[in-house]
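Hello,

Here is the structure I promised to pass on. Please have it open while you read my notes below.

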Amino acid sequence: MTKTKKLVALLVVVALMFTFVATIAACNNHKCNHVCETCGLCQDESCDNAACEDKCQGHQGGTTHTCGHVCPTCQKCTDTTCTNAACASKCPGNHQQQGGTHTCGHVCTTCGKCTDTTCTDSVCANNRCPGHQGDVTCDHTDIVLNVCQDCQKVFTVDEILAALDALDTSGVNALPGTYKLSGVVTAKTARGNYTDIWFDVDGATTPKNLEAYGIVDGDALVADIVVGARVTVTGTLKTHYKTQEFDANCKVDAITILDYAIEVNVSNGTVKTADDGDMPQTAKAGASISFKVTPDNNYKLEYVKVNGSNAQANAGVYTLVVTGKMTIDVSIKPADAPDPTVLAKFEFGANDSTKTNEGSQDGTALKDGEGTYTETNGNYTLTITNPSKVYTGSYDALGNGCLKLGTSSAPGSFTFAVPAEITKVVIYVAGYKANTVSVKYNDGSAITVEGRSAQGTYDAIEIDTTNVRSITFAVASNNRCKINAIEFWGIAPAA
């Protein structure tokens, strides 16, 4: 009985040892044949060994991550929480997400679209960059308010103006699309049913004054525009020969009425408002200020200038309209000092009541850049040189002889010398036919002229020539003007 028990015990021990050895053998077989070198787990889904219950998720030798969170586009891991060594390099853009964003190495930093034409990512199929990077280019033909709709490029003010400058000026040419520019208004002119303005463009490295031709109401009203206000204009940009402008039916979408300083310079007298108040130090663009000048005892008024131009009083009251910073310079001299007078007047031909400002009677052109016009009166001679779109032998509607300046497609200009003893020049100017016009001299600020050649009425533009020996007079807009006379003023020599 004892021997039998010992035999049974021995057999049990042998069986246990056999089971242990078999288990080790099975485990060793797992590690030798289908173990993952990356994670050490079983790669065989059919293996039912107890040691292989935790399966490898797909490293396949530790070189490629192809389990459920691998990106089919870049073959990188899309799971940012995955710590597997084979997944250290992550997919940067979740390419699988429908409508997602392609943000891998060939994304355009400008428009966020794919720059690789060979990329097969479904997210990129209809989202190709048209030209910011790589070999694909965008022709920028679909531009809406400064933004290319194809590539989303936002054009800067300088880029827009450079493109405008590059247009052919031999005819009428436009930039593709629509644009939005802002700036301060320098002139405003009514043209029949249209309103034209000129403004200095904000943000331009090189100063640029543009015309907005035939503007209409947008988000703001054209009637509210005043010189000196800041406006935003939208529309098509073009060249009309040498004139750069927003095309007809452009819109004004914003108007800001700016505040400007009022500076008064006077000695030997006082400047007060028309109602004897103190002059304001600031005023809004478009505001009208009336003032009067009172010289001290034993002094008399010589002149009043507003922003460098002689001002005229009406019953002793001067009126200015604020268009920017306004500087009032008043010269008061001793009462016994002599006054200047007209020394010569040049009238551009005889008056003829049978003539009009129409057709062939509208003048004969001087040759641009080469022609001259000369007229003598007493001891003085007026010689016009360097003409551009200047016509002699013209008339206004009343038959008064005139010089015509400018055409419908190009502004005109001319130059003349001023003798040393001439201290003031007066130019009598009217807008062409029934139109107003803006003019300027020596590249100064634009001056709006209200006189009309259709009515034979003229504005007197006075120019202080104390330190000026040459004047270049020009139309500041595309409209034309007529000049009825030019006067030389100075101190008459003693008898």
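What follows is a short tour of the aromatic rings and of the lysines that sit over them.

Please keep in mind that this is a predicted model. In total, it holds eight aromatic pairs. One of them joins Tyr 380 and Phe 488: the ring centres are 6.3 Å apart and the planes meet at 90 degrees, so this pair is edge-to-face. Tyr 380 belongs to strand 23 (residues 380-388) and Phe 488 to strand 32 (residues 481-490), so the contact ties together parts that are 108 residues apart in sequence. Both partners are buried, with Tyr 380 at 13% relative accessibility and Phe 488 at 0%.

Phe 414 and Phe 473 form another pair, with ring centres 6.0 Å apart; their planes are at 35 degrees, which makes the pair tilted because edge-to-face needs over 60 degrees and stacked needs under 30. Here strand 26 (residues 413-417) supplies Phe 414 and strand 31 (residues 470-475) supplies Phe 473, so parts 59 residues apart in sequence are tied together. Phe 414 and Phe 473 are buried too.

How do these residues fit together? Ring pairs link Tyr 380, Phe 414, Phe 473 and Phe 488 with Phe 346 and Phe 416 into a cluster.

Now for the lysines. Lys 153 has its charged end over the ring of Phe 155, at 5.2 Å from the ring centre. Over the face of Tyr 391 you will find Lys 404, 4.3 Å from the centre of that ring.

Happy browsing, and best wishes!

Definitions and conventions. Residues numbered from 1 in each chain as written. Predicted model: local features only at pLDDT ≥ 70, side-chain atom pairs only at ≥ 80, totals over all residues. Heavy atoms only, no water. Phe/Tyr/Trp six-rings, centres within 6.5 Å; stacked < 30°, edge-to-face > 60°. Helix = DSSP H or I, 4+ residues; strand = E, 2+ residues; numbered from the N terminus. Buried < 20%, exposed > 50% of the residue type's maximum accessible area, 1.4 Å probe, protein only. Lys NZ or Arg CZ within 6 Å of the ring centre and 35° of its normal.
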